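Welcome, and thanks for stopping by. Please take a moment to look over the sequence and the model shown here before reading on.

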Amino acid sequence: MTGFPDGFDRHPSAPDRAFQEVNPIGNAFETPNVRTGGFSKATTKAIVEQFSQKVDPGWASKIQGTAQKTGKDSWHADASYRKAAEYAKDPKVASVSLNRSIDAALGTNTISKQRPDITVTFKDGTSVHICECVSTTQSKRSQDNKNNANARKLDEAGYKPSTETIERGGGNDPTGGKATGEAPTKGFFGGLFGGLFGG
């Protein structure tokens, strides 16, 4: 079993399906809808009721999008997801976007179509934090340059940007350098949280 933030555990033989041990259908085992990757409304509601003590919609509802996975190693997505959860729990944060364009995250059209791994907006209406996780095919320098270019565009548009670059195993890596496999997928968690929280 893989440990999740806030106590989630994924069933190892069915990573994109509901947890067998908390299946709200009883002995039946409902799989996600093939087209949408989601569950029926009744199933979703039952799952949420059972998980309500472990995922607080107060922060989970701030997170939009799905963490980007690069290659077979899940570290990039895991680090993005964990960092997004950290930001979302900050009461000063309004929204956290995973792998979405800056324009999409801000509701604008002309600032940038670039997709940071994480874009955080704050309730003051002007502060924006962008974060990149360095994958195996990238360098810290390239990601710093990407962050700086986007920060300049945000500054020119009247925002107050800040940036962060996460290297695997570095001091700000929330996974400690490990590929944990915990990042939500478009199957189970993408359907569940997307349907519930507007993903």
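## A strand under cover

Glu132 counts as buried because its relative accessibility is 1%, where buried means under 20% relative accessible area, exposed over 50% and partly exposed in between (1.4 Å probe, protein chains only). This is a predicted model, in which local features need pLDDT of at least 70 and side-chain atom pairs count only at pLDDT 80 or more, while totals for chains, interfaces and linings use all residues. Residues are numbered from 1 along each chain as its sequence is written, and side-chain values use heavy atoms, with hydrogens and water left out.

Let us stay with the strand that holds this residue. Strand E6 covers residues 127–133, and 7 of its 7 residues are buried, so the strand is largely enclosed by the rest of the structure. On one side Ser127, His129, Cys131 and Cys133 are buried, and on the other so are Val128, Ile130 and Glu132. Helices (H or I, at least four residues) and strands (E, at least two) are DSSP runs, numbered from the N terminus.

What are the neighbours of E6? Strand E5 (residues 118–122) pairs with E6 in the antiparallel sense over 4 bridges; two strands pair if DSSP finds at least two bridges between them. Val120 stands opposite His129. The two strands E5 and E6 form a hairpin with 4 residues between them, and Gly125 in the turn has a positive phi of about 85°. Strand E7 (residues 160–166) runs parallel to E6, joined to E6 by 7 bridges, and Thr163 in E7 is the bridge partner of Ile130. Together, E6, helix H5 (residues 140–156) and E7 make a right-handed β-α-β unit: with the strands pointing away from the viewer, the path from the first strand over the helix to the second runs clockwise.

## Two cysteines

The structure holds 0 disulfides, a disulfide being a pair of cysteine sulfur atoms within 2.5 Å. The sulfur of Cys133 is 4.9 Å from the closest cysteine sulfur, in Cys131, which is too far for a bond. Cys131 has 0% relative accessibility and so counts as buried, and Cys133, at 0% relative accessibility, counts as buried too.

## Charged pairs

Side chains of opposite charge can pair when their charged atoms come close. A salt bridge here is a side-chain nitrogen of Lys or Arg within 4 Å of a carboxyl oxygen of Asp or Glu, and the count comes to 7 salt bridges. The table shows some of them.

| Pair | N to O distance |
|---|---|
| Glu164 and Lys83 | 3.4 Å |
| Asp103 and Lys113 | 3.1 Å |
| Lys146 and Glu132 | 3.1 Å |

Lys146 lies in helix H5 and Glu132 in strand E6, so this salt bridge ties together parts that are 14 residues apart in sequence. Lys146 is partly exposed, with a relative accessible area of 22%. Glu164 in strand E7 and Lys83 in helix H3 (residues 75–88) are 81 residues apart, and both are buried. In the pair of Asp103 and Lys113, Asp103 is buried at 3% relative accessibility, whereas Lys113 is exposed at 56%.

## The whole chain

The protein chain has 6 helices and 7 strands. Of its 199 residues, 45% are buried. The protein chain exposes about 10000 Å², with carbon and sulfur atoms supplying 48% of that area; accessible areas come from the Shrake-Rupley method with a 1.4 Å probe, and for residues only the protein chains shown count as cover.
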